Amino acid sequence: MADNTIAVDSDGTEQDRLDIVHHICGLLLGGRLHTAPINPNPQKILDIGTGTGIWAIDAGEVPPNVQFQIDDAENEWTWAKDTFDLIHIRHLNGSIKDWSAFLKQVYKHLKPGGYVYLHEYDVDLFSDDGTYTDKLFLFRYYALLNEAAAKSGRAFKPGAGMKRFFNDAGFDDVHYDMKKCPFGTWPADPKQKEIGAFCLLTAENAFEAFSLALLTRVLEMPIEDVQKLIEGTKKDSRNRKIHSYSKQ
């Protein structure tokens, strides 16, 4: 049922994190794999940047329906035009250099009437009550991370900002939906608290994984300073008085 581009990562900790992210996305979507109104019996689905393959296996319903292929999604695709009923893209923020060119390939390889479902996020945090401020390690971490990503040529693009890339690619029915994803266990609502707890769990390892190379190689920060920043960021992230959330 599905052909997939897979990025192989031998780091078991990162694989565990990606599977937790899959669970978080399921919670945000009420248990659904996507919200695209596709044919109930799709024949071809492409999951780009499939990670551990957990989304593709769930979408394929049984593993024999799923094939994994290793390729560079920014190179010319090898599949025929008009191949896929659905193309699924999740959390490639910071991985794609030219979103406009990338989405033109997506458009070309969708069947007429097919859909692309893109789930991205703002690589930043927000708050509605002023508890997330520039005095925090957490705030400085995201500011430096975004500065380094932009300088590297693979800037983190905000989810809402993707709409113009879809329009440039030829899509004429673009729907944007934003969900607030709490960061930490501060929400009173049990469902939101659960989501926030899982987000905090993924962040414990993600803070280092996302930033170490970018901050030391691109911004040339001493590794000791980066480690101090990460430790302070972790401490801030556990502070239930900071009511932060991400936009997904």
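This report describes strand pairing, helix packing and selected single residues in a predicted model.

## Strand β4 and its partners

Strand β4, which covers residues 84–90, is mostly covered, and seven of its seven residues are buried. Two strands pair with β4 in the parallel sense, and each pairing can be followed through a facing pair of residues. With strand β2, made of residues 45–48, β4 pairs over four bridges, and within this pairing I48 stands opposite I89 of β4. With strand β5, made of residues 110–119, β4 is joined through six bridges, the two strands again running parallel, and here I87 faces V116 of β5.

The connection from β4 to β5 involves a helix as well, since β4, helix α3 (residues 99–109) and β5 together make a β-α-β unit that is right-handed.

## Helix α4 against helix α7

In general, a pair of packed helices is described by two quantities, the angle between the axes and the distance between them. For helix α4 (residues 137–152) and helix α7 (residues 223–237), the axes come within 7 Å and cross at roughly 125 degrees. An angle from 65 to 115 degrees would count as roughly perpendicular and one over 145 degrees as roughly antiparallel, so α4 is classed as oblique to α7. The crossing of these two helices is left-handed. On the α4 side the contact is made by F137, L138, R140, Y141 and L144, while on the α7 side K228, L229, G232, T233 and D236 take part.

## Helix α4 against helix α6

Helix α4 also packs on helix α6, which spans residues 190–218, and in this case the axes are 9 Å apart at an angle of about 55 degrees. That angle is neither under 35 degrees, the limit for roughly parallel, nor in the perpendicular range that begins at 65 degrees, and α4 and α6 are therefore oblique to each other. As α4 passes α6, the crossing is left-handed.

The α4 residues in this packing are L138, Y141, Y142, L144, L145, A148, A149, K151 and S152, which meet A206, F207, F210, S211, L214, L215 and V218 of α6. L138, Y141 and L144 of α4 belong to this set, and L138, Y141 and L144 are also among the α4 residues that form the contact with α7.

## Two buried polar residues

K234 lies in helix α7 and, with a relative accessible area of 15%, falls under the 20% limit and is therefore buried. When residues up to four places away in sequence are not counted, K234 touches E204 and F207; of these, F207 is also one of the α6 residues that meet α4. The C-alpha atom of K234 is separated by 8.0 Å from that of A203, although these residues are 31 apart along the chain.

S246 belongs to strand β7, residues 245–247, and is likewise buried, its relative accessible area being 11%. Leaving aside neighbours within four places in sequence, S246 is in contact with D124, L125, K179, K180 and C181.

## Loop residues and positive phi angles

Two residues other than glycine have a positive phi, E61 at about 75 degrees and D82 near 60 degrees. E61 lies in the loop between α2 (54–60) and β3 (66–69), and because its relative accessible area is 66%, above the 50% cut-off, E61 counts as exposed. D82 is placed in the loop between β3 and β4, and at 37% relative accessibility, between the limits of 20% and 50%, D82 counts as partly exposed.

The loop between β3 and β4 also contains A80, which is exposed with a relative accessible area of 51%. A80 and D168 are 88 residues apart along the chain, and their C-alpha atoms are separated by 21 Å.

Key
Residues numbered from 1 in each chain as written. Predicted model: local features only at pLDDT ≥ 70, side-chain atom pairs only at ≥ 80, totals over all residues. Heavy atoms only, no water. Buried < 20%, exposed > 50% of the residue type's maximum accessible area, 1.4 Å probe, protein only. Pairing = 2+ DSSP bridges. Right-handed = clockwise from strand over helix to strand, strands pointing away. Axes fitted to C-alpha atoms, helices over the stretch in contact; angles between N-to-C directions. Left-handed = near helix turned anticlockwise from the far one by under 90°. Contact = heavy atoms within 4.5 Å.
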